[in-house]
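Got your viewer open? Let's take a short walk through this protein, one selection at a time.

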Amino acid sequence: MIVPSLTRVFVRDLCLFGYHGVLPEENRIGQRFIVDLEIRADLSGAIAGDDYQQAVCYGTLCDIASKIVTGSPLALIETVAGRIAETVLSRLDRVETVRVHVRKPSAPVPYPVSETAVTVEQVRAHEVAFSLGANLGEREAVLSAAVDRLSLLDGVEIDAVSSFYDSAPWGGVEQPPFVNICATGRATLSPHALLRACKTIESDLGRQPGLRWGARAVDIDLLSYGTKTISDRVLTLPHAHLFERAFVLEPLAEIAPGHVIGGRRVSEALAVLPRSRGDVIRRAADGRPDAPEEPRSE
């Protein structure tokens, strides 16, 4: 598997005049600030097609830095650099990482220094959603452990976890019923790195290779990764069967009803999904199944 590498783009020695500093004189008189920017982005489309529309414009990077440095006074150049980095990530969707170095050559310190400077680095965090299921062993304990393991990964933060749901097996293979949950959060890991981490957690928690859609100790599916679409031998995003599975949409709608995946809102996708009575049942707070709802009409 060959994943396109990220391209580095630099802007160096951008000299701007601003009024930032702790001292009143700095806010009144002003001084020079010198900014270096470095971004990393997937520019494979721009490179392959010589397409400016898929590139990251140097001028836009300069415009972002200029607006902040020449704008309202701030006390700290750390804040100046941080706001530049935040704005780059918010405005330029292709950028995955940004590094901003702000130099202050005329800092008012009583020592012979050539300059003072700070560097701020930020990484884009993508919204992610997971579906987890198990129908062998201590199902609830294993699912909870799987979420804990996801939470401990460097570059992953889990924000919400659904209730437990009991569901019938899916895929036409005779086997015990499942317990399912969903989790949502943010990740700075790449999609394929996140997939590898999920497979490692599955293995560590006892999953063995077996029949597709068969019984398993634990299953962790990456449902979505921001707005990214991927289709290769090992990973499809959004998940290929996401909108066909009540045992995914029910717990996902509990914690992220307004989340949009592949152009569809989770709650709306659940509302039009053909259902049968009792196909997926949410556990109450005491762990007992809630009464099954009547199936939704198509």
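Is Arg186 buried, partly exposed or exposed? Select Arg186 and check: this is a predicted model, and at 36% relative accessibility Arg186 counts as partly exposed. Now add Glu157 to your selection. The two form a salt bridge, with their closest N and O atoms 2.8 Å apart. This pair links distant parts of the chain, since Arg186 sits in strand S8 (residues 178-187) and Glu157 in strand S6 (residues 156-161), 29 residues apart. Glu157 is partly exposed too, at 40% relative accessibility.

Next, zoom out and colour by domain. Domain 1 covers 7-123 and domain 2 covers 126-282, and their C-alpha centres lie 39 Å apart.

Head over to Arg8 and Glu38. Their side chains meet in a salt bridge of 2.4 Å, N to O. Arg8 is in strand S1 and Glu38 in strand S2 (residues 31-41), so this pair ties together parts 30 residues apart in sequence. Arg8 is partly exposed at 47% relative accessibility, whereas Glu38 is buried at 14%.

Want a bigger group? Select Lys199, Glu202, Arg207 and Asp219: a network of salt bridges links them. The whole structure has 17 salt bridges.

Last stop: the backbone. Most residues other than glycine have a negative phi, and most peptide bonds are trans. Now pick Asp13, in strand S1, where phi is positive, about 60°. Asp50 also has a positive phi, near 50°, and is exposed at 73% relative accessibility. Finish at Leu237 and Pro238: the peptide bond between them is cis, with omega near -10°.

Methods: Residues numbered from 1 in each chain as written. Predicted model: local features only at pLDDT ≥ 70, side-chain atom pairs only at ≥ 80, totals over all residues. Heavy atoms only, no water. Domains from an automatic or database assignment. Helix = DSSP H or I, 4+ residues; strand = E, 2+ residues; numbered from the N terminus. Buried < 20%, exposed > 50% of the residue type's maximum accessible area, 1.4 Å probe, protein only. Salt bridge = Lys/Arg side-chain N within 4 Å of Asp/Glu carboxyl O.
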